[in-house]
Amino acid sequence: LEIFSGTSVLSGHCRRHWLCVGPPIGQCFDLLNPAVYNQIARWIVTGAVWYIHFGTPCKPWSVSNRNKSKIETFGVQCLRATIVLIQLCRSFRVYRTLENPLSSALWKQPDVVRLLSHPSVLQARYDLCEYGMGYMKPSLLVGSLLGREQLSRSCSGGHTHEHLQGQVKIKGIWTWRSCLAG
């Protein structure tokens, strides 16, 4: 199950490798909606899922975030829900991973620091350009899924990166390039 799925790259990749994948929980499902949250918790408790990936929104934790108040509130709410579900996953032995950019302030949040200190948590650091993306975006994946350390890859060079700086106008709305990077 992929939560905060963005463009559902992970879910799509898993499907192509014949893994049974639940519906990606992205913009059409609101994890902050109690009905959605409770359904996910039921799936964990009943063993309906064996793995959950949390691609927690990175915009609230970005060093380039300038609109702090509204976005930070959303970010804290999402993180709080994520942490509780990760703890539930641990209790019911459901594999779990959490992903965010390497420079994200999320990794400095006290609840996340405590989560990272658990002996079952391992890390993979990778550059997204090594997985076919047009930008480098150094990222960190932490969790309990076995083999995730094999995902660690640094940029091998020999290609160009799209710079995720500044804004671009999409459908008449100015958007930060870094927000488009998933």
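This report covers the fold, the central sheet, one cavity and a few single residues of a predicted model.

## Overall layout

The protein has 182 residues, and 37% of them count as buried. It contains 4 helices and 7 strands. Read from the N terminus, the elements follow the order β-α-α-β-α-β-α-β-β-β-β. Among contacts with a separation of 6 or more, 59% link residues 24 or more positions apart. The accessible surface is about 10700 Å². Carbon and sulfur atoms own 58% of that surface.

## The sheet

Five strands make up an open sheet, ordered β1-β2-β3-β5-β4. The pairing is mixed. β1 (2-3) and β4 are the edge strands; each has a single partner strand, so one side of each lacks a neighbour in the sheet.

Three of the pairings can be set side by side.

| Strand pair | Sense | Bridges |
|---|---|---|
| β2 (51-54) and β3 | parallel | 4 bridges |
| β3 and β5 | antiparallel | 5 bridges |
| β4 (122-127) and β5 | antiparallel | 6 bridges |

Individual bridges fix the register. On the parallel side, Phe54 has Leu98 of β3 as its bridge partner. Between β3 and β5, Glu99 is matched with Leu141. Asn100 stands opposite Leu140 in β5. Between β4 and β5, Tyr126 is bridged to Ser139. Asp127 has Pro138 of β5 as its bridge partner.

How covered are β3 and β5? β3 is mostly covered, with 5 of its 7 residues buried. β5 is mostly covered too, with 5 of its 6 residues buried. In a regular strand, side chains point alternately to one face of the sheet and the other.

## The cavity

Empty space inside a model can be found by rolling a probe the size of a water molecule over the atoms. Here, 1 cavity of 30 Å³ or more turns up. The largest cavity holds about 60 Å³ of space.

Which residues line the largest cavity? They are Ile86, Arg96, Thr97, Leu98, Leu115, Val121, Val142 and Gly143. By class, the lining divides into 5 nonpolar, 2 polar and 1 charged. Two strands, β3 (95-101) and β5 (138-143), each supply at least two lining residues. β3 gives the most, with 3 residues. Leu98 thus has two roles in this account: it belongs to the lining, and it is the bridge partner of Phe54.

## Gly55, after β2

Gly55 sits in the loop between β2 and α3. Is Gly55 buried or exposed? Its relative accessible area is 17%, under the 20% limit, so Gly55 counts as buried. Setting aside neighbours within four places in sequence, Gly55 is in contact with Ile3, Phe4 and Glu99. Ile3 belongs to β1, which spans residues 2-3. Glu99 is the β3 residue whose bridge partner in β5 is Leu141. Gly55 and Thr82 are 27 residues apart along the chain, and their C-alpha atoms are separated by 9.5 Å.

## Val76, in α3

Val76 lies in helix α3, which covers residues 68-91. What is its exposure? Val76 has a relative accessible area of 35%. That value falls between the 20% and 50% limits, so Val76 is partly exposed. Val76 and Leu106 are 30 residues apart in sequence. In space, their C-alpha atoms are 9.3 Å apart.

## Arg93, between α3 and β3

The loop between α3 and β3 holds Arg93. Its backbone stands out: phi is positive, about 55°, although Arg93 is not a glycine. Why does Arg93 count as exposed? Its relative accessibility is 77%, over the 50% limit, so Arg93 falls in the exposed class.

## Drawing it together

β3 recurs throughout. It pairs with β2 in the parallel sense and with β5 in the antiparallel sense. It is mostly covered, and it gives the most residues to the lining of the largest cavity. β5 pairs with β3 and with the edge strand β4. β5 also adds at least two residues to the lining. The three single residues span the exposure classes: Gly55 is buried, Val76 is partly exposed, and Arg93 is exposed.

Conventions
Residues are numbered from 1 along each chain as its sequence is written. This is a predicted model: local features need pLDDT of at least 70, side-chain atom pairs count only at pLDDT 80 or more; totals for chains, interfaces and linings use all residues. Side-chain values use heavy atoms; hydrogens and water are left out. On a 1 Å grid over the protein atoms alone, a cavity is a set of points where a 1.4 Å probe fits but cannot get out, and a pocket is an open set with protein on both sides within 12 Å along at least five of seven lines; lining residues have an atom within 4 Å of a point. Grid points are joined across faces, edges and corners, and a volume is the space filled by probe spheres set on the points. Ala, Val, Leu, Ile, Met, Phe, Trp, Tyr, Cys and Pro count as nonpolar, Asp, Glu, Lys and Arg as charged, and the others, Gly among them, as polar. Buried means under 20% relative accessible area, exposed over 50%, partly exposed in between (1.4 Å probe, protein chains only). Contact means heavy atoms within 4.5 Å. Accessible areas come from the Shrake-Rupley method with a 1.4 Å probe; for residues, only the protein chains shown count as cover. Two strands pair if DSSP finds at least two bridges between them.
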